[in-house]
Amino acid sequence: MLPQIGSVLLMYLGYLSINLLILPTLKKISFNDFEKLLTINIIKTILAIVVVSYLLAIGVNTISYYAKPHLFNYGDYQFLSFFGYNDKPLTDLFFGFDRAIVLLIISVAFAGLRELIIWVINKPGAKRGFRVLLTNNITPLVSFIF
């Protein structure tokens, strides 16, 4: 039971790290930082992405070690199948690191898109109330359809 709880906890910690660690550092990057290429804000963001990806890969290796999905199947561990088949977990500390970075970057892109949509809706102006009202009416409809 511990590996199943661990995989859910690992996904939740990844979600929290994206929203509480990576996105705030990403928001601090300005256009002046892009002109200078390697500023402290860009280095912090890249370092946060690499560290979280590495910890995610280590967490998946640890869960694979205890769950032993190579002996049974990935039926109860769909999260582990994103990182590939690992019949000898914890022998390679970088196993799944490349897939963890890709998964994390995709998640950060979706979270960034969410933040952009929220920014556009809350942008001050004459039609802000209309945008908020429209969003509040469309969101339950879309949720009901899905």
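Buried means under 20% relative accessible area, exposed means over 50%, and partly exposed lies in between (1.4 Å probe, protein chains only). This is a predicted model: local features need pLDDT of at least 70, side-chain atom pairs count only at pLDDT 80 or more, and totals for chains, interfaces and linings use all residues. Residues are numbered from 1 along each chain as its sequence is written, and side-chain values use heavy atoms, with hydrogens and water left out.

**Exercise 1. Describe helix α1: its span, its kink and its buried residues.**

Step 1. Know the term. Helices are DSSP runs (H or I, at least four residues), numbered from the N terminus.

Step 2. Find the span. Helix α1 covers residues 2-27, 26 residues in total. From first C-alpha to last, α1 reaches 36 Å, close to the 38 Å expected. The expected span is 1.5 Å times one less than the number of residues.

Step 3. Find the kink. Helix α1 has a kink of about 35°, centred on Ile-18. The bend at a residue is the angle between axes fitted to the seven residues ending there and the seven starting there.

Step 4. Look for burial. The buried residues of α1 include Leu-10, Gly-14, Ser-17, Ile-18 and Ile-22.

**Exercise 2. Trace the salt bridges and say which residues they join.**

Step 1. Set the rule. A salt bridge is a side-chain nitrogen of Lys or Arg within 4 Å of a carboxyl oxygen of Asp or Glu. The structure holds two.

Step 2. Take Lys-27 and Glu-115. Their side chains meet in a salt bridge at 3.1 Å, N to O. Lys-27 lies in helix α1 and Glu-115 in helix α5, so this pair ties together parts 88 residues apart in sequence.

Step 3. Take Glu-115 and Arg-114. This salt bridge is also 3.1 Å, N to O.

Step 4. Join them. Shared partners put Lys-27, Arg-114 and Glu-115 into one network.

Step 5. Check exposure. Lys-27 is exposed, at 58% relative accessible area. Glu-115 is partly exposed at 24%. Arg-114 is partly exposed at 32%.

**Exercise 3. Work out how Tyr-54, Phe-94 and Phe-97 are arranged.**

Step 1. Set the rule. Rings of Phe, Tyr and Trp (its six-membered ring) pair if their centres lie within 6.5 Å; planes under 30 degrees apart count as stacked, over 60 as edge-to-face and the rest as tilted. The structure holds three aromatic pairs.

Step 2. Pair Tyr-54 with Phe-97. The ring centres are 6.2 Å apart and the planes stand at 70°, so the pair is edge-to-face. Tyr-54 is in helix α3 (residues 40-67) and Phe-97 in helix α5 (residues 97-121), 43 residues apart.

Step 3. Pair Phe-94 with Phe-97. This pair is edge-to-face too, with 6.0 Å centre to centre and 80° between the planes.

Step 4. Combine. Tyr-54, Phe-94 and Phe-97 form one aromatic cluster. Tyr-54 is partly exposed at 26%, while Phe-94 is exposed at 52%.

**Exercise 4. Identify the largest nonpolar core and the helices that supply it.**

Step 1. Set the rule. A nonpolar core is a set of buried Ala, Val, Leu, Ile, Met, Phe, Trp, Tyr and Cys residues joined through side-chain atoms within 4.5 Å.

Step 2. List members. The largest core has nine residues, among them Ile-18, Ile-22, Val-52, Leu-104 and Val-108.

Step 3. Assign helices. α1, α3 and α5 each supply at least two residues of this core.

Step 4. Follow one member. Leaving aside neighbours within four places in sequence, Val-52 is in contact (heavy atoms within 4.5 Å) with Ser-17, Leu-21, Ile-22 and Leu-104.
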